[in-house]
Amino acid sequence: MKAIVYRQYGSPDVLKYEEIEKPTAGDDEILIKVHAASVNPLDYHFMRGTPFAVRLFSGLRKPKITRLGRDVSGIVETVGKKVTQFKPGDAVYGTCRGAFAKYACTSETAVVIKPNNVTFEQAAAVPIAAFTALQALRDKGQIQHGQNVLINGAAGGVGTFAVQMAKSFGAHVTGVCSTRNMEMVRSIGADNVIDYTKVNFTKTGQRYDMIFDCYANQSLLAYRRALKENG
Ligand SMILES: NC(=O)c1ccc[n+]([C@@H]2O[C@H](COP(=O)([O-])OP(=O)(O)OC[C@H]3O[C@@H](n4cnc5c(N)ncnc54)[C@H](OP(=O)(O)O)[C@@H]3O)[C@@H](O)[C@H]2O)c1
């Protein structure tokens, strides 16, 4: 099968489109025929081998796992003998190792059934970015109905999920993005939008219950200034 592989860390030039052996699902795995995959900063970090800490997982001198791509959607081709939740022909989406390929294996716990009204491309864009937003807002931030929440980097992969999730938790949402993305951020539910090319959100005098920063370009002191006392 065809796959994107890499055998050394570096710029996108290290990526090669090659013929490699088709993987086989382990006992608790499924083999997915990939219909769509999405690219995350994670893939970039694994490709570059930076920050250096990623090499603790991916290999110190060169990548141990030569395939890239985490977010995936596709059709289940085969299932391992211990798999109980899926059968061949199911449309699924979730995470795997090696989504940039014709086929990818993953644990049955790493995917869910794809709703019929969501395309494969839409589904593949969800997993890691949406998990990140959900973990930050709900698990770490313990977001509450009625809170004033600011999302810096609101137009990005994580930020666009964060705006929509924060709204669905009943927060009053301020999104920070560039001029060209203001309408888009408003359209996905932000109550206020701040253009970072014109306004520094930490200097407006407005204070928030929570700041979810997907860009992290301010000092801790500046965040403190923009947070309420118990924020
Ligand atoms: N995507 C994931 O699955 C994932 C998972 C875990 C962690 N992360 C981390 O989360 C962070 C965001 O990832 P992402 O995927 O959302 O990245 P992204 O899609 O590249 O989005 C980054 C956003 O930052 C905005 N931005 C640029 N300069 C800014 C500034 N000065 N002030 C405020 N916003 C600015 C950009 O907005 P404009 O386009 O409007 O300029 C852009 O939309 C990264 O550090 C990434 O490593 C991502």
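How far is an oxygen atom of the ligand from an N or O atom in the side chain of S178? The distance is 2.6 Å. This is a predicted model, and every value below was computed from it.

## Ligand site

The ligand has 20 residues around it. Of these, G157, V158, S178, N181 and Y196 come nearest.

Three side chains place an N or O atom opposite a ligand oxygen in the pairs listed here:

- S178: 2.6 Å.
- N40: 3.0 Å.
- R180: 3.2 Å.

## Overall architecture

The protein chain has 231 residues, and buried residues make up 45% of them. It holds 7 helices and 11 strands. Its C-alpha atoms fill a box of roughly 60 × 40 × 30 Å along the principal axes.

The domain assignment splits the chain in two. Domain 1 covers 2-125, and domain 2 covers 129-226. Taken over C-alpha atoms, their centres are separated by 30 Å. N40 falls within the bounds of domain 1, whereas S178 and R180 fall within those of domain 2.

Contacts often span long stretches of sequence. Take those between residues at least 6 apart: 61% of them join residues at least 24 apart.

## Helix 1

Helix 1 runs over residues 41-48. Its buried residues are D43, F46 and M47. Seen down the helix axis, these buried residues fall within an arc of 100°, so they line one face of the helix.

What covers that buried set? Strand 3 (29-38) and helix 2 (55-58) are included in the cover. G49 follows helix 1, and its phi is positive, near 75°.

## Helix 5

Helix 5 has 12 residues, 157-168. At 1.5 Å a residue, it should span 16 Å. Its end C-alpha atoms lie 18 Å apart, which agrees with that expectation.

Which residues of helix 5 are buried? They are G159, T160, F161, A162, V163, M165 and A166. They pack against helices and strands alike. The helices are helix 4 (127-140) and helix 6 (182-187). The strands are strand 8 (148-152), strand 9 (172-177) and strand 11 (210-213).

Helix 5 also bears on the ligand site. G157 and V158 are among the residues that come nearest the ligand, and both lie within the 157-168 range of this helix. After helix 5 comes G170, whose phi is positive, near 90°.

Technical notes:
Residues numbered from 1 in each chain as written. Predicted model: local features only at pLDDT ≥ 70, side-chain atom pairs only at ≥ 80, totals over all residues. Heavy atoms only, no water. Domains from an automatic or database assignment. Buried < 20%, exposed > 50% of the residue type's maximum accessible area, 1.4 Å probe, protein only. Helix = DSSP H or I, 4+ residues; strand = E, 2+ residues; numbered from the N terminus. Arc of directions from axis to C-beta. Contact = heavy atoms within 4.5 Å. Expected span 1.5 Å × (residues − 1). Near = heavy atom within 4 Å. Polar contact = N/O pair within 3.5 Å; in protein donor to acceptor, adjacent residues only side chain to side chain.
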